[in-house]
Structures are given as C-alpha cells and as structure tokens.
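Trainee: I would like to learn how to read strand pairing, turns and surface features from a model. Could we work through one together?

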Amino acid sequence: FPMPPAGIGAPDQAPQPSVYSCAQISRVLDAQGFAPRVLVLLQDAYRAYTRGDVVLGPVTHYGGPSAALRGGGDFCLKTGFLANDDVVVVKVAPGSFTGNIKLSPPLPSNTGVMMLFSQDTGRLESILLDEGILTEVRTALAGALAAQLFAPSNLQEIGILGCGIQARYQLEAP
C-alpha cells in the first residue's frame with residue numbers, strides 16, 4: 001500500500017510511544033509515599049465516576065469455559081477515559097493460563113498491558129508492560145480505601161480470606 005505523501009501525516013514522522021517495562025513500573029510503585037498519593041487519586045476517580053465524568057466501554061471477554069483458548073486461559077479487554085483528561089486507556093488482561101507453570105522457564109498465569117492513546121489525536125502515547133501488577137495494586141488500594149471509609153475507627157485487626165497474590169497486596173496496602 002502506498003504511504004501518505006511526505007509532510008501529510010506520514011507515519012514515519014509521528015512520535016513513537018513511550019514504553020515502560022514491568023521493572024520500571026514496579027520501581028515507581030515501590031517508591032516511598034506512592035501508595036497514599038494513589039489512594040487520593042483513586043478516591044478522585046471514584047468521585048468522577050459517580051458524577052458521570054468517566055466513560056467505560058463494555059468489557060470484552062475471550063476464552064474461559066465456554067470458548068477455551070488453547071492455553072486454557074482467557075482475555076479481558078477494557079477501555080475507558082476520564083472526560084477532560086488527556087488519554088483513553090485500553091487494557092488487555094490475559095489470565096488463568098495455569099499451564100504456564102510447566103513451561104521452561106515457568107511463566108505467570110496472568111499478565112497484562114495497558115495502552116494510553118491521546119484523546120486529541122488518537123495517537124498511541126504510552127505502552128505500560130505491567131504484567132497485570134497495576135490491576136493488582138489498584139484492586140488492593142480500592143480495598144484499602146473502602147476500609148478507610150467504612151471500617152470502624154477503633155479497628156485493631158483485620159482478616160484477609162484467600163491465599164493468592166491479591167491477598168498479599170491487600171495485606172501490604174496502606
């Protein structure tokens with residue numbers, strides 16, 4: 001197929017997206033004081049959703065028991081954006097690939113990537129190769145936020161049911 005003429009939106013002139021590895025994302029998540037700041041942002045996001053300022057597309061799901069993929073897992077695709085923000089987020093979350101542990105080298109059963117597109121130009125701005133860690137952290141921080149808002153103020157102990165990775169993230173959430 002012919003390329004557009006030079007100077008008229010030629011793809012080779014477009015800026016390339018920033019790509020962030022799981023290790024880079026983990027270093028930011030591990031930074032001291034990060035989680036409390038994210039709790040505030042998460043609370044703001046829930047308020048924006050309540051006001052109707054968040055647009056979420058329908059969740060698309062592939063695989064699972066009804067239409068199993070060869071590896072036995074599934075894929076979830078989620079999209080959304082905050083009105084008056086800069087980006088649209090597309091999240092791809094493959095999971096439940098339980099046979100991955102038998103591979104050499106073993107791989108996690110879950111993974112993921114998030115892509116951020118400009119609301120103004122539609123261009124891909126960033127790729128977050130987070131391996132699903134952002135979802136784990138967001139879920140744990142949502143639990144922490146719920147506990148802060150709704151738990152009795154004199155609470156001394158809390159129980160966590162479950163033994164998966166999410167239980168660990170819930171335990172470590174502020």
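**Reading strands, turns and surface**

Mentor: Let us begin with one pair of strands: S6 and S7 are antiparallel partners, paired over 4 bridges. Please keep in mind throughout that this is a predicted model.

Trainee: Which residue of S7 stands opposite phenylalanine 117?

Mentor: Leucine 124 in S7 is the residue opposite phenylalanine 117. S6 and S7 also form a hairpin with 5 residues between them, and in that turn glycine 122 has a positive phi of about 80°.

Trainee: S7 has a further partner, strand S1; in which sense do S1 and S7 run, parallel or antiparallel?

Mentor: Strand S1, residues 18–20, runs parallel to S7, and 3 bridges join the two. Within this pairing, tyrosine 20 stands opposite leucine 128 of S7.

Trainee: How should I read the pairing around S4?

Mentor: The general idea is to take the partners of a strand one at a time, noting the sense and the number of bridges for each. Strand S2 (residues 54–56) pairs with S4 (residues 74–82) in the antiparallel sense over 3 bridges, and here leucine 56 faces glycine 80 of S4 as its opposite residue. Strand S3 (residues 60–63) is likewise antiparallel to S4, with 4 bridges, and histidine 61 has cysteine 76 as its bridge partner in S4.

Trainee: How many bridges join S4 to strand S5?

Mentor: There are 8 bridges between S4 and S5 (residues 87–95), and the two strands run antiparallel; phenylalanine 75 stands opposite proline 94 in S5. S4 and S5 form a hairpin with 4 residues between them, where asparagine 84 in the turn has a positive phi of about 65°.

Trainee: What should I know about side chains when I look along a strand?

Mentor: In a regular strand, side chains alternate between the two faces of the sheet. For a case with its accessibility, take methionine 115, which lies in strand S6 (residues 113–118). Methionine 115 counts as partly exposed because its relative accessible area is 21%, and partly exposed covers values between 20% and 50%.

Trainee: How far apart are methionine 115 and valine 90, in sequence and in space?

Mentor: Methionine 115 and valine 90 are 25 residues apart in sequence, while their C-alpha atoms are 5.2 Å apart in space.

Trainee: Where else should I check the backbone?

Mentor: Loops deserve a careful reading, for both phi and omega. In the loop between S5 and S6 we find serine 96, which has a positive phi of about 65° although it is not a glycine; with a relative accessible area of 37%, serine 96 is partly exposed. Proline 105 is found in the loop between S5 and S6 as well, and the peptide bond leading from serine 104 to proline 105 is cis, with omega near -5°.

Trainee: What sign does the phi of glutamate 131 have, positive or negative?

Mentor: Glutamate 131 has a positive phi of about 55°, although it is not a glycine. Glutamate 131 is placed in the loop between S7 and helix H3 (133–150), and its relative accessible area of 42% makes it partly exposed.

Trainee: Finally, which residues gather in a patch of negative charge on the surface?

Mentor: The patch of negative charge on the surface gathers Asp85, Asp86, Asp120 and Glu125. This brings us back to strand S7 (residues 124–128), in which glutamate 125 lies; glutamate 125 counts as partly exposed because its relative accessibility is 37%.

How values were computed:
Residues are numbered from 1 along each chain as its sequence is written. This is a predicted model: local features need pLDDT of at least 70, side-chain atom pairs count only at pLDDT 80 or more; totals for chains, interfaces and linings use all residues. Side-chain values use heavy atoms; hydrogens and water are left out. Patches are made of residues with over 30% relative accessible area and no salt bridge: like charges are joined within 9 Å, nonpolar side chains (Val, Leu, Ile, Met, Phe, Trp, Tyr) within 5 Å. Accessible areas come from the Shrake-Rupley method with a 1.4 Å probe; for residues, only the protein chains shown count as cover. A salt bridge is a side-chain nitrogen of Lys or Arg within 4 Å of a carboxyl oxygen of Asp or Glu. Lys and Arg count as positive and Asp and Glu as negative; His and the chain ends are not counted. The place of a charge is taken as NZ of Lys, CZ of Arg, CG of Asp or CD of Glu. Buried means under 20% relative accessible area, exposed over 50%, partly exposed in between (1.4 Å probe, protein chains only). Two strands pair if DSSP finds at least two bridges between them.
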